[in-house]
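Biologist: I am just starting out with protein structures, and I would love a close look at one part of this one. Could you walk me through it slowly?

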Amino acid sequence: DMARHVEMLDSFKGWTAQQQQQQQQQQQQKQQQQPLLKEEDKHLMLQLLLKAADISNAFRKWDVCQRWTLLVSEEFRVQGDAERVRSLPVSNFMDGSVSPAAMQTTFVPLIVVPLLQALCAAFPTLKVLEDRAWENLKRLVAEEERTA
């Protein structure tokens with residue numbers, strides 16, 4: 001659900017900053033560490049991980065990324081056609097005029113990477129996924145340029 005993407009991402013960033021601050025304070029005070037995750041923290045973390053899974057085609061291995069990018073682009077075009085037939089305003093990116101690579105050029109830097117960066121603050125080993133998202137985007141653009 002893209003409507004709450006920024007709100008959830010900001011909440012998660014706040015949570016990770018708070019966790020890092022708590023860990024630093026606990027280390028400085030050498031107190032016994034409190035549980036890192038309260039129930040609301042668990043819920044937020046699960047929301048963000050589910051969100052990452054939902055948009056994961058952008059950072060999957062190249063063959064999967066490429067295939068799903070084309071499938072999502074086709075789904076968007078079909079939705080735009082359905083909106084047009086019903087005399088509804090055609091949603092952004094749904095009119096078939098934007099190439100799959102152009103869609104990803106907006107989606108990866110504005111949606112995918114900020115989410116991955118926030119998750120990397122809590123799970124540094126996920127950095128490889130951010131790197132793959134950028135690499136996949138470069139390959140999509142290069143492939144489109146070759147076939148144009």
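Biologist: How far is the sulfur of cysteine 65 from the closest cysteine sulfur, and in which cysteine is that sulfur?

Modeller: Happy to help! This is a predicted model, in which local features need pLDDT of at least 70 and side-chain atom pairs count only at pLDDT 80 or more, while totals for chains, interfaces and linings use all residues. Residues are numbered from 1 along each chain as its sequence is written, and side-chain values use heavy atoms, with hydrogens and water left out.

Now to your cysteine. The closest cysteine sulfur to that of cysteine 65 belongs to cysteine 120 and lies 17 Å away, too far for a bond. In general, a disulfide is a covalent bond between the sulfur atoms of two cysteines; here one is counted when the two sulfur atoms are within 2.5 Å. The structure holds 0 disulfides. Cysteine 65 is buried, with a relative accessible area of 1% (buried means under 20%, exposed over 50% and partly exposed in between, using a 1.4 Å probe and protein chains only). Cysteine 120 is buried too, at 12%.

Let us look around cysteine 65. One residue that touches it is asparagine 57, where contact means heavy atoms within 4.5 Å. Asparagine 57 sits in the loop between α2 and α3 (helices are DSSP runs of H or I with at least four residues, strands are runs of E with at least two, and both are numbered from the N terminus). This asparagine is buried, with a relative accessible area of 12%. Leaving out residues up to four places away in sequence, asparagine 57 also touches Trp68, Thr69 and Gln104.

Thr69 and Gln104 bring us to the contact between two helices, α3 and α4. The axes of α3 (residues 62-85) and α4 come within 10 Å and cross at roughly 100°; axes are lines fitted to C-alpha atoms, for helices over the stretch in contact, and angles run from 0 to 180 degrees between N-to-C directions. The two helices are therefore roughly perpendicular to each other, a label for angles of 65 to 115 degrees (under 35 is roughly parallel, over 145 roughly antiparallel, the rest oblique). On the α3 side, the contact also includes Leu70, Ser73 and Phe76, and on the α4 side Pro100 and Met103.

Finally, take serine 73, which is found in helix α3. Serine 73 is buried, with a relative accessible area of 13%, and touches Pro100 and Met103, not counting residues up to four places away in sequence.
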